[in-house]
Amino acid sequence: MAAGIRLLSTDFDGTLIGHPSDGRCIPALARALAGFKASGGLWAVNTGRSLAHAIEGLEIFHAPVEPDFFLTHERELYHRDPATGKWQDFGDWNRVARERHAELFHRSGTIFAQLQAFVAGMPDVTLIEEDGHTAGLITSDETTMALVAKGLDALRADFPDFSYQRNTIYLRFCHADYHKGSVLRELCRLLAVPAAEVFAAGDHFNDLSMLDPKVAGHLACPANAIAEVKSAVTAAGGWVSGRRFGEGIAAALAAVLRAPKKTRKKPAAVF
Ligand SMILES: [Mg+2]
């Protein structure tokens with residue numbers, strides 16, 4: 001196993017591919033992913049996308065190898081069913097997550113009413129309705145998103161388990177127990193892979209929960225990552241790349257996978 005790393009957990013948009021971009025995997029990243037999989041490693045795409053949107057993105061991405069797992073919506077866990085070959089729930093995590101979110105959103109009517117009043121005067125904010133409830137929102141730009149997030153933090157003060165995941169101009173409401181970090185921990189539990197053998201890479205707020213040494217022992221982010229992500233990766237002794245998007249992750253992966261174990265915990269490097 002390459003450098004003792006058994007599982008990659010990579011964000012997709014802004015990490016493996018740029019935005020905007022043609023959505024294709026760059027050659028250096030293709031080589032890194034193929035080499036890792038050839039050594040027996042497992043790859044999970046850990047994204048805010050839906051499963052269908054993630055599959056669509058990976059088809060355009062044209063990686064030389066397929067992910068073993070999709071972690072979608074910042075909380076759901078899928079693997080290929082050995083019998084059907086289709087992407088299916090892995091374990092009962094998704095069922096429990098859906099039940100807990102249905103219960104949370106059912107009793108959160110007050111906060112949704114307050115939210116609607118809060119954004120009523122903000123033409124740059126669009127609420128997203130899914131399955132009969134307000135699932136999230138989109139803003140026109142990240143400055144507006146910062147304002148909305150600040151307002152939401154005040155509104156949810158009385159709802160400790162009501163949270164959200166925020167990524168550029170997109171925000172999804174969720175239970176505080178569910179995020180990229182917790183779904184990755186569940187995958188590690190099912191696979192019996194310790195955090196020390198996990199590599200995680202991301203670029204934005206919704207990646208912070210997995211960019212945690214308790215979740216992944218090896219962390220990286222591309223040069224385009226937000227300051228909060230770079231700080232978290234640096235604090236954990238991870239790799240803050242000087243290159244953007246897939247170029248940065250390819251360089252980080254190559255560096256981490258070739259590094260002897262005893263030197264992998266060195267302070268953050270820019271390369
Ligand atoms: Mg991203």
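**Exercise 1.** Determine which side chains meet in a salt bridge, and place this pair in the domain interface.

*Solution.* The structure is a predicted model, in which local features need pLDDT of at least 70, side-chain atom pairs count only at pLDDT 80 or more, and totals for chains, interfaces and linings use all residues. Residues are numbered from 1 along each chain as its sequence is written, and side-chain values use heavy atoms, leaving out hydrogens and water.

Step 1. E74 and R172 form a salt bridge through their side chains, at 2.8 Å from N to O (a side-chain nitrogen of Lys or Arg within 4 Å of a carboxyl oxygen of Asp or Glu).

Step 2. An automatic or database domain assignment gives domain 1 (2-74 + 179-263) and domain 2 (95-175).

Step 3. Across the interface of these two domains, the rule finds one salt bridge.

**Exercise 2.** Describe how the magnesium ion is held by protein donors.

*Solution.* Step 1. The protein donors are D11 (OD), D13 (O) and D203 (OD), 2.1 Å from the ion; donors are N, O and S atoms within 2.8 Å of the metal (3.2 Å for Na, K and Ca), and because water is not among the atoms, sites may look incomplete.

Step 2. D11 belongs to the loop between β1 (7-10) and α1 (27-38), and D203 to the loop between β10 (198-201) and β11 (218-221), so the pair ties together parts 192 residues apart in sequence. Helices (H or I, at least four residues) and strands (E, at least two) are DSSP runs, numbered from the N terminus.

Step 3. D11 is buried, at 4% relative accessible area, and D203 is buried at 2% (buried: under 20%; exposed: over 50%; partly exposed in between; 1.4 Å probe, protein chains only).
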